[in-house]
Amino acid sequence: MTVSQEKTKVLKPGESPNAFTGIGDQNQLNPLFARAGEATDFPLNVLPPGESLPETAYQVVHDEAMLDGNSRLNLATFVGTWMDPFADKLYSETADKNMVDKDEYPQTAAIETRCWKMIASLWNSPDAEGSIGTSTIGSSEACMLGGLALKRRWQLARRAAGKSTEKPNLILSSAVQVCWEKFCNYWDVEARYVPISDEHKVLDGFELEKYVDENTIGVVAIMGVTYTGMYEPVAEIAKALDKIQADTGLDIPIHVDGASGGMIAPFLQPTLEWDFRVERVASISTSAHKYGLVYPGLGWVVWRTVADLPADLVFDVTYLGGHMPSFALNFSRPGAQVLLQYYLFLRLGFDGYYKVQKASQDVALYLSGEIGKMDAFELWNDGSDIPVFAWQLTKGHTDKWNLYHLSERLRLKGWLIPAYPMPDDISDLTVQRIVVRNGLSRNLAESLISDIKEAVDYLDLLESPMPTEGLKSSFTH
Ligand SMILES: *Cc1c(COP(=O)(O)O)cnc(C)c1O
């Protein structure tokens, strides 16, 4: 008996099938887009009263997802949108695995451990075996865990010294990603923002002593500032903290938010010391779904040593009758992404990652070179850190249009290239940013340049200024 026959059986004689349910043999005979559910409405905000054929439900969801943007033309996001067919095959085979269930999926758990150990070595951990790490759902969770460890270590030290733990603070650049604002908000930590400026485009240790005190739980250094893609000089920040320690005795650790750069710097800037080579770096996080090249959502966080992660934050889970440490905010979450990361580590190796990241950097440098040559624009940076760069409108170039108008014109061609204000203290400056990811080929980049030139020519030739009503920042972090 087919599913639809079974359903037909429960209808009373003469009763017509509900339009939503797709019940009735005629639904299988009707042409695809003429059958119930396709030709008639599904309710949008209430659960449909009855069932529908899987083909119908599939087609409706599939078609609606088609209205989302073309992810390959989305140059706003850092998050990967392409994996190869073997990854797709592995993903569909392992979509049912639950990361938290280490007892049922011990092999996935073992692979998770192998992955963070590989990453610990990539980040020059002095002793990958003596470090500790975990997968997370993304950098946001990884940063929360890094921040929590900083807070707890500070609390333990303060309590041991008989001092107050009432007012913890964390030092951040004003260009920090929103997950750190969340961390400070959710966990009652005062966020102390160091404003960026024309002279200090990133947090670089300048006047750090004005922000730090005995209640500082740590300093966050960003490898790949979301606004611009620039690296913060971790070693210089550490040097400023060394001086503060020499002057005041305060020993303040660094968490490196390497959401994007954590998987770029090891390959493209191997001699840059930003990772565990810098002694003050206690922990590092990254988004595997950014330049780790895995589908969303996977992140990693690694601590230099087991001692950097206070034991009272770690829970025991049973694992093959034994025990395994667990520290994560989520309980259940997909395990498939961890397997995808391992697949990519095996598939690409160091050389493969280098080639993929280098190709993205070459395209970023090509694009920034072409955009920098145009009279209308001045580059903020060129994409030689992570393959991300931003530019501003040349002062005095035009009073007819701004970067929001350009962003809109490019949207007509399908490109998503956001314009947005910079953070404090330069929030009157608008920039536009391109994130080059695996999949933006040189060929597509050339088309993009010709589309930008065409849009600028159009805007420059306007006889009167574009209206500025209703323009808003399309920036998503
Ligand atoms: C993207 C990003 C985050 C947040 O990462 P998710 O993986 O999206 O949670 C945090 N910090 C920086 C610097 C980022 O670029």
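The legends below describe several close-up views of a predicted model.

**View 1. The seven-stranded sheet and the order of its strands.**
In this predicted model, an open sheet of 7 strands follows the order β1-β7-β6-β5-β4-β2-β3, and its pairing is mixed. Strands β1 (132-136) and β3 (190-194) stand at the edges with a single partner strand each, so one side of each is left without a neighbour in the sheet. On average, and with direction ignored, neighbouring strands of this sheet are turned by 20 degrees against each other. Within the sheet, strand β5 (residues 254-257) and strand β6 (residues 281-287) pair in the parallel sense over 4 bridges, and Val256 has Ile284 in β6 as its bridge partner.

**View 2. Helices α5 and α7 against the seven-stranded sheet.**
Helix α5 (residues 106-122) packs on the sheet, where it touches β1 and β7 (299-303), and its direction makes about 115 degrees with that of β1. Helix α7 (residues 178-186) lies across three strands, namely β2 (169-173), β3 and β4 (216-222), and runs at about 145 degrees to β3. In the loop between α7 and β3 the reader will find Asp188, a residue that has a positive phi of about 50 degrees although it is not a glycine. As background to this remark, most residues other than glycine have a negative phi.

**View 3. The residues around the ligand.**
The ligand is surrounded by 15 residues, of which the closest are Gly138, Ser139, Ser140, Gln177 and Ala259. Helix α6 (residues 139-160) gives the most to this shell, with 3 residues. When the shell around the ligand is divided by class, it has 5 nonpolar, 9 polar and 1 charged residues.

**View 4. The four-stranded sheet and the helices that lie on it.**
Another part of the model holds an open sheet formed by 4 strands in the order β10-β11-β13-β12, with antiparallel pairing. Its edge strands are β10 (377-379) and β12 (419-421), each of which pairs on one side only, and the twist from one strand to the next averages 40 degrees. Strand β11 (residues 388-393) and strand β13 (residues 430-435) run antiparallel and are joined by 4 bridges, with Gln432 in β13 as the bridge partner of Trp391. Helix α10 lies across β10, β11 and β13, and runs at about 140 degrees to β10. Helix α11 (residues 403-412) also packs on the sheet, touching β11, β12 and β13, and its direction makes about 35 degrees with that of β13.

**View 5. The packing of helix α10 with helix α12.**
Two packed helices are described by the angle between their axes and the distance between the axes. Helix α10 (residues 336-373) and helix α12 (residues 442-460) pack at an angle of about 20 degrees, and their axes are 10 Å apart. That angle makes α10 roughly parallel to α12, and the crossing of the two is right-handed. On the α10 side the meeting residues are Val363, Tyr366, Leu367, Glu370 and Ile371, while α12 brings Arg442, Ala445, Leu448, Ile449 and Ile452. By class, this contact of α10 with α12 has 8 nonpolar, no polar and 2 charged residues.

**View 6. The packing of helix α4 with helix α10.**
The axes of helix α4 (residues 85-94) and α10 come within 9 Å and cross at roughly 150 degrees. The helices α4 and α10 are therefore roughly antiparallel to each other, and their crossing is right-handed. From α4, the contact is made by Ala87, Leu90, Tyr91 and Thr94, and from α10 by Ala336, Leu339, Leu340 and Tyr343. The residues of this contact of α4 with α10 divide into 7 nonpolar, 1 polar and no charged.

**View 7. Two cis peptide bonds in loops between strands.**
Most peptide bonds are trans, and this view shows two that are cis. The peptide bond from Pro296 to Gly297 is cis, with omega near 5 degrees, and Gly297 lies in the loop between β6 and β7. The peptide bond from Asp424 to Asp425 is likewise cis, with omega near 0 degrees, and Asp425 belongs to the loop between β12 and β13.

Note on methods:
Residues numbered from 1 in each chain as written. Predicted model: local features only at pLDDT ≥ 70, side-chain atom pairs only at ≥ 80, totals over all residues. Axes fitted to C-alpha atoms, helices over the stretch in contact; angles between N-to-C directions. Parallel < 35°, antiparallel > 145°, perpendicular 65-115°, else oblique. Left-handed = near helix turned anticlockwise from the far one by under 90°. Contact = placed C-beta atoms within 7 Å. Nonpolar A, V, L, I, M, F, W, Y, C, P; charged D, E, K, R; others polar. Near = placed C-beta within 6 Å. Pairing = 2+ DSSP bridges.
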